[in-house]
Amino acid sequence: MSRIGKQPIAIPSGVTVTQEDGRVRVQGPQGTLEHTVPASITVQVSDGQVQVTRQSDSRQDRALHGLTRALLANKVTGVSQGFRRSMEIVGVGYKVELRDKNLLFTVGYSHPVLMLPPPGVVFLVEKPTLFHIVGPDKELVGQTAAQARAIRPPDAYKGKGVRYAGEPIRLKAGKTSK
């Protein structure tokens with residue numbers, strides 16, 4: 001049996017998990033998230049825990065077992081605590097600012113780049129070179145962070161650009177002279 005799939009998911013106080021017609025709805029202080037469960041996977045909610053089981057030992061069912069448990073655990077964590085992805089900007093004159101609820105990047109292009117938040121995601125700017133992407137859905141927060149990084153990925157020679165906080169960038173040596 002899957003080592004991850006067989007572990008129960010503890011439901012914290014303030015979070016409710018309901019199941020209906022192959023869909024699991026998780027509600028909490030941070031919002032509401034839904035997940036469609038594959039037909040071969042069974043979800044049982046009881047005694048403040050969620051238990052995920054599979055019907056057979058086929059290769060696909062074993063893969064879906066652990067995946068479903070991990071996705072539901074992320075949804076429970078998201079609606080209770082939320083997820084945060086910190087990003088930093090490196091480069092002379094590179095900065096980000098919060099305009100209304102959008103991010104405005106000045107990262108060396110001839111024009112500033114505006115990034116709109118998807119529904120359920122909030123941008124927080126701590127410093128002109130450090131900002132955070134916050135939301136209850138781990139997948140959406142990660143996807144938004146990847147889109148922000150794609151605006152100006154880190155340069156291989158000087159390391160300038162938008163990167164995840166703490167991301168190691170291996171710099172190339174550049175040209176050598178005779």
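Author: Before we start, here's the yardstick: a residue is buried under 20% relative accessible area, exposed over 50%, and partly exposed in between, using a 1.4 Å probe and protein chains only. This is a predicted model, so local features need pLDDT of at least 70 and side-chain atom pairs count only at pLDDT 80 or more, while totals for chains, interfaces and linings use all residues. Residues are numbered from 1 along each chain as its sequence is written, and side-chain values use heavy atoms, leaving out hydrogens and water.

Reader: Why does aspartate 21 count as exposed?

Author: Its relative accessibility is 81%, and exposed means over 50%, so aspartate 21 counts as exposed. You'll find aspartate 21 in the loop between strands S2 (16–20) and S3 (23–28). Its phi is near 50°, a positive value in a residue other than glycine.

Reader: And what makes S2 and S3 strands that pair?

Author: Strands are DSSP runs (E, at least two residues), helices are H or I runs of at least four, and both are numbered from the N terminus. Two strands pair if DSSP finds at least two bridges between them. S2 and S3 are joined by 5 bridges and run antiparallel, so they pass that test. Within this pairing, glutamate 20 stands opposite arginine 23 in S3.

Reader: Which strands are at the edge of that sheet?

Author: The sheet is open, with 3 strands in the order S2-S3-S4 and antiparallel pairing. S2 and S4 (31–36) are the edge strands, each pairing on one side only. From one strand to the next, the twist averages 20°.

Reader: How do you know which way helix H1 runs relative to S4?

Author: Axes are lines fitted to C-alpha atoms (for helices, over the stretch in contact), and angles run from 0 to 180 degrees between N-to-C directions. Contact means heavy atoms within 4.5 Å. Helix H1 (residues 59–80) lies across S2, S3 and S4, at about 170° to S4.

Reader: What about S8, S9 and S10?

Author: Those form another open sheet of 3 strands, in the order S8-S9-S10, with antiparallel pairing. S8 (95–99) and S10 (113–115) are at the edges with a single partner strand each, so one side of each has no neighbour in the sheet. Aspartate 100 sits in the loop between S8 and S9. With 70% relative accessibility, aspartate 100 counts as exposed.

Reader: Is tyrosine 94 counted as buried or exposed, and why?

Author: Tyrosine 94 counts as buried, because its relative accessibility is 10%. Tyrosine 94 is found in the loop between S7 (83–90) and S8. Leaving aside neighbours within four places in sequence, tyrosine 94 has contacts that include Ile89, Thr106 and Arg152.

Reader: How do you know whether arginine 163 has a salt bridge?

Author: A salt bridge is a side-chain nitrogen of Lys or Arg within 4 Å of a carboxyl oxygen of Asp or Glu. Lys and Arg count as positive and Asp and Glu as negative, with His and the chain ends not counted. For arginine 163, the nearest side chain of opposite charge is glutamate 88, 4.4 Å away. That leaves arginine 163 buried yet without a salt bridge.

Reader: What lies 2.5 Å from a polar atom of arginine 163's side chain?

Author: That's the backbone oxygen of glycine 159. Arginine 163 itself is in strand S13 (residues 161–164).

Definitions and conventions
A polar contact is a pair of N or O atoms within 3.5 Å; within protein, one must be able to donate a hydrogen and the other to accept it, and residues adjacent in sequence count only if both atoms are side-chain atoms.
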